[in-house]
Every structure is written in C-alpha cells, then in structure tokens.
Amino acid sequence: MNLILNREINGYKLNKNVKILSAMNPSNEYGADLGYQVVDMDPAQENRFVWLNMEPDYNEWIRWAIDTGIEQKVVEFISTFPEYLHKINDDDINATPRSYERISKSYAIYKEKKDVIPKSVFLNVVKGNVGGFIAQEFMSFVESDAKPLVSYDEVFSGEVLNPSIVDRVKNESHTRLYICAMNILKSLELDIKNNKIGMDYIDRLVEFLGLYPVDLMVGIMKDIKNSYDDIYKLAIENEKFVDLYFGAYSSIRG
C-alpha cells in the first residue's frame, strides 16, 4: 500500500513520471473458477486501480508465433482450432498460449528424432501441456494429410501464376491465408536483401494478393509498409501495387 499511496518503497521515492501497472491471474472471487492460487486484494487496494480484463487473441498470438519461429504445424493447428488457444478442461490440464510454445519446442525435437522417440512418449508430453483431448486432436492434425499452405516457391515459380492456386486461396480461411502471406513475405524480404530478385516478383506478389479477400489484402499491404522495408521500397515503385492498394482501400471505405 505504501507504494500505491505514497509512491515510496524502502526509502526510495518514485519519479513523478513513473506509472504503476500490475498484473494478476483471474481470481475465483469473480466467478472465473480457473483454480489459480490468487491472494485477493482487499477493497481498499482494489479501489486504487483501474481493472482491465484481458483475453488472449488468437490472431495476435499467430502473428507473434510467426515472428518468434513457433513450429509451422503448431501455428496451423491454432489457426484451424482457435478455440484451443486458451481452453479450460474440466478435470484435466488447461491449455494456454504458453502451452503451445512448449509444445513447439517438443515437436521440433520429435520431428528430428521420430526414429528413437515413440509416438506415445510425445503424445504424453503434449497431454502434459494441453490435456488429453486437445493432445489427441493435435496428433491427428499433425499426422493427417492436411492440405499444406501455398508456398513461396509455388507462387513465384513458372511464367504465370498456377491456376490451382486461385482455387486454393478461395477455399482457405482468413487465418491460414494470413499465415501463408507472412511466410511468403519473410522469404521474399530475404531474397531482396540478397539481390536475388527484381520487380517481376513484386508483379507476381500483387497478382497473388489480388486473390485475397479485400479486407485481409489491405491489412497485409499495411504489414508490408510497417514491417518489410525492402519489399516496400520496391512495391511503392510498382504501379500495380499502388493501384491495387488504393482500389481496395476505396472499396472498403465505400
């Protein structure tokens, strides 16, 4: 309370520019029933804070996971089953965003050493992170012939965009399309840095993004501006890219 009321602790006074922020797990006092061992604040303490309830957003998690290097299959799993990112499992282990970071590390090892690590061992590791039901779903997903995302090579190989890609884009979810675009942009940025490609690749990128739903396409183009400097330097000089962006933006604005 001394820190909150007097902005002082152990004789050290906080600078006037310092703001106090704190975080805590949900308390059962408010009906969360999550089983966290939380020591509730008394009313006097509670009254000195502004309380904000934060929920995990799977789109933000996916963006973070791609940037961090979380295993592709783990990202695809959450994009397919977003409700599993934060799942309360009765009488079993709850799944949280942190769980999938651990699963990603375990899956990377399992992929490399499948010949020496039994499937049952890996399944038990996954169970220990997200509970039995989700673990079984994850194993089925990993082992199934789930359709792969459109790859960088598929988009940029050949003199024209393969017609099959058009159908694949039409039948994909927004989330999987976003993951696909982020993977492609990362590879494209690297090739530009290494002077491997020219403006013709930007033409192909424009053609590919033109297949996307308009709102998603505009969001990805904004990502290019904010996060992919080398792509953006070429793209902003490309008339097709500029026309596509402003045409799409105008249609959204009405």
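Where in the chain does Asn-10 lie? I looked this up first in the model, which is a predicted one. Asn-10 sits in the loop that runs between strand 1 (8-9) and strand 2 (12-13).

**Entry: two asparagines in loops**

I checked the backbone of Asn-10 and found a phi near 50°, a positive value in a residue that is not glycine. I noted the general rule beside it: most residues other than glycine have a negative phi. I then looked up the accessibility of Asn-10, which is 79% in relative terms. Asn-10 counts as exposed because the cut-off for that class is over 50%.

I turned next to Asn-195. Its phi is positive too, at about 55°, and Asn-195 is not a glycine. I placed Asn-195 in the loop between helix 10 (174-193) and helix 11 (199-209). Is Asn-195 buried or exposed? I read a relative accessible area of 70%, so Asn-195 is exposed.

**Entry: the chain as a whole**

I counted elements next. The chain has 14 helices and two strands. I compared its radius of gyration with the rule for a compact globule: a globule of 254 residues would come near 18 Å, but the chain has 23 Å. I also took the spans of the C-alpha trace along its principal axes, which are about 70 × 55 × 40 Å.

How much of the chain do buried residues make up? I found 33% of the 254 residues. The accessible surface of the chain is about 15,800 Å², and carbon and sulfur atoms hold 50% of that surface.

I looked at contacts with a separation of 6 or more. Residues 24 or more positions apart account for 63% of these contacts in the chain. I then looked at charge. There are 29 positive and 39 negative side chains, and the centres of the two sets are 4 Å apart.

**Entry: aromatic rings**

I searched the whole structure for aromatic pairs, and the search gave 19. One of them joins Phe-77 and Phe-81, with 5.3 Å centre to centre and 50° between the planes. Why is this pair called tilted? The planes are 50° apart, which is neither under 30 degrees, the cut-off for stacked, nor over 60, the cut-off for edge-to-face, so the pair counts as tilted.

I checked the cover on both rings' residues. Phe-77 is buried, with a relative accessible area of 0%. Phe-81 has 21% and is partly exposed, because the buried class is for values under 20%.

I also noted one aromatic cluster that includes Phe-77 and Phe-81. Among its other members are Trp-61, Trp-64, Tyr-84, Tyr-100, Phe-122 and Phe-141.

**Entry: two buried serines**

I looked up Ser-104 and found it in helix 5 (residues 97-112). Its relative accessible area is 6%, so Ser-104 is buried. Which residues does Ser-104 contact, leaving aside its neighbours within four places in sequence? I listed Ile-70, Glu-71 and Val-74.

I did the same for Ser-79, which belongs to helix 4 (residues 72-80). Ser-79 counts as buried at 7% relative accessibility. With neighbours within four places in sequence left aside, Ser-79 is in contact with Ile-62, Thr-175, Arg-176 and Ile-179.

**Entry: two partly exposed helix residues**

I found Tyr-232 in helix 13 (residues 229-235). Tyr-232 has 23% relative accessibility and counts as partly exposed. Not counting residues up to four places away in sequence, Tyr-232 touches Ile-224 and Lys-225. I also took a C-alpha distance: Tyr-232 and Ile-202 are 30 residues apart along the chain, and their C-alpha atoms are separated by 9.6 Å.

I placed Gly-219 in helix 12 (residues 214-227). At 30% relative accessibility, Gly-219 counts as partly exposed. How far apart are the C-alpha atoms of Gly-219 and Tyr-178? I read 9.3 Å for these two residues, which are 41 residues apart along the chain.

**Entry: a loop leucine**

I ended with Leu-21, in the loop between strand 2 and helix 2 (43-46). Leu-21 is exposed, with a relative accessible area of 80%. Its C-alpha atom is separated by 26 Å from that of Glu-101, and the two residues are 80 residues apart along the chain.

Notes
Residues numbered from 1 in each chain as written. Heavy atoms only, no water. Phe/Tyr/Trp six-rings, centres within 6.5 Å; stacked < 30°, edge-to-face > 60°. Buried < 20%, exposed > 50% of the residue type's maximum accessible area, 1.4 Å probe, protein only. Helix = DSSP H or I, 4+ residues; strand = E, 2+ residues; numbered from the N terminus. Rg over C-alpha atoms; globule rule 2.2 N^0.38 Å. Contact = heavy atoms within 4.5 Å. Areas by Shrake-Rupley, 256 points an atom, 1.4 Å probe, with all protein chains shown as cover. Lys, Arg positive; Asp, Glu negative; His and termini not counted. Charge placed at Lys NZ, Arg CZ, Asp CG, Glu CD.
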